[in-house]
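Here are a few friendly notes to read alongside the model. Take them one at a time, and keep the 3D view open as you go.

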Amino acid sequence: MTFKEKVNALVEEALSERTSVFLIDLTITDACKIIVSLDGDNGVALQDCIDISRAIENNLDREEQDFSLEVASVGVGSPLKMIRQYKKNVGRTLIVKTETEIIEAELVEANDVFIILSWKAREPKKVGKGKETVQRELKLPYADIKEAIVTVTF
């Protein structure tokens with residue numbers, strides 16, 4: 001079993017005990033730096049990171065392979081990578097980049113195939129001069145999303 005396979009197995013085992021926390025990214029550099037990025041249905045607590053870190057570190061032998069380890073939750077400005085992340089962020093505002101446009105809208109629905117975004121837009125009136133505010137809605141398949149980031153409002 002290679003070092004990378006062993007680390008991957010340890011991460012999977014540690015996460016199997018915490019069903020609300022899930023893996024976003026596992027990177028192992030050539031210098032044996034292990035970087036584990038986590039997210040959770042209800043966020044990621046510091047204790048979750050500590051427990052995952054210990055589960056990995058306590059089962060690896062530094063005499064066999066020297067390594068450094070970093071376990072953290074994904075940052076607020078990190079792009080969404082998994083369908084599970086979209087589902088947990090229903091009701092929040094996203095900035096979504098597609099091939100042709102950038103949309104800032106509320107995520108009103110997320111299923112296994114697509115998301116539905118809703119926002120207000122200023123558009124020219126159908127009759128007369130000026131603009132009017134209209135409610136727009138877009139059904140967007142995951143395949144059309146280049147990047148989606150949750151916006152934080154204060």
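Are phenylalanine 3 and phenylalanine 67 buried or exposed? Keep that in mind for point 2; please also remember that this is a predicted model.

1. **The overall layout.** Start by finding the two parts of the protein: domain 1 covers residues 3-75, and domain 2 covers residues 83-150. Taken over C-alpha atoms, the centres of domain 1 and domain 2 are 33 Å apart.

2. **The phenylalanine pair.** The aromatic pairs come to two in number. One of them is made by phenylalanine 3 and phenylalanine 67, with 6.2 Å from centre to centre and 40 degrees between the planes, a tilted arrangement. Phenylalanine 3 sits in helix H1 (residues 3-16), while phenylalanine 67 lies in the loop between helix H2 (46-57) and strand S3 (68-73). With their positions 64 residues apart, this pair links distant parts of the chain. As for the opening question, both phenylalanine 3 and phenylalanine 67 are buried.

3. **The tyrosine pair.** Tyrosine 86 and tyrosine 142 form an edge-to-face pair, 5.1 Å centre to centre with 65 degrees between the planes. Look for tyrosine 86 in helix H3 (residues 83-88) and for tyrosine 142 in the loop between strand S7 (131-141) and S8. This pair, too, links distant parts of the chain, 56 residues apart. Tyrosine 86 and tyrosine 142 are buried.

4. **The two faces of strand S4.** In a regular strand, side chains alternate between the two faces of the sheet. Now look at strand S4 (residues 93-97): Leu94 and Val96 make up its covered face, and Thr93, Ile95 and Lys97 its uncovered one.

5. **The neighbours of strand S4.** Strand S4 runs antiparallel to strand S5 (residues 102-110), and five bridges join them. The connection from S4 to S5 is a hairpin of four residues. S4 is also joined to S8, again antiparallel, by four bridges. Lysine 97 is a handy residue to follow here: it stands opposite isoleucine 102 in S5, and its bridge partner in S8 is glutamate 147.

6. **A nonpolar patch on the surface.** Which residues make the nonpolar surface patch of about 400 Å²? They are Val76, Val152 and Phe154. Valine 152 belongs to the segment after strand S8 (147-150). Valine 152 counts as partly exposed because its relative accessibility is 39%, and partly exposed covers the range between under 20% (buried) and over 50% (exposed).

Conventions. Residues are numbered from 1 along each chain as its sequence is written. This is a predicted model: local features need pLDDT of at least 70, side-chain atom pairs count only at pLDDT 80 or more; totals for chains, interfaces and linings use all residues. Side-chain values use heavy atoms; hydrogens and water are left out. Patches are made of residues with over 30% relative accessible area and no salt bridge: like charges are joined within 9 Å, nonpolar side chains (Val, Leu, Ile, Met, Phe, Trp, Tyr) within 5 Å. Accessible areas come from the Shrake-Rupley method with a 1.4 Å probe; for residues, only the protein chains shown count as cover. A salt bridge is a side-chain nitrogen of Lys or Arg within 4 Å of a carboxyl oxygen of Asp or Glu. Buried means under 20% relative accessible area, exposed over 50%, partly exposed in between (1.4 Å probe, protein chains only). Domain bounds come from an automatic or database domain assignment. Two strands pair if DSSP finds at least two bridges between them. Rings of Phe, Tyr and Trp (its six-membered ring) pair if their centres lie within 6.5 Å; planes under 30 degrees apart count as stacked, over 60 as edge-to-face and the rest as tilted.
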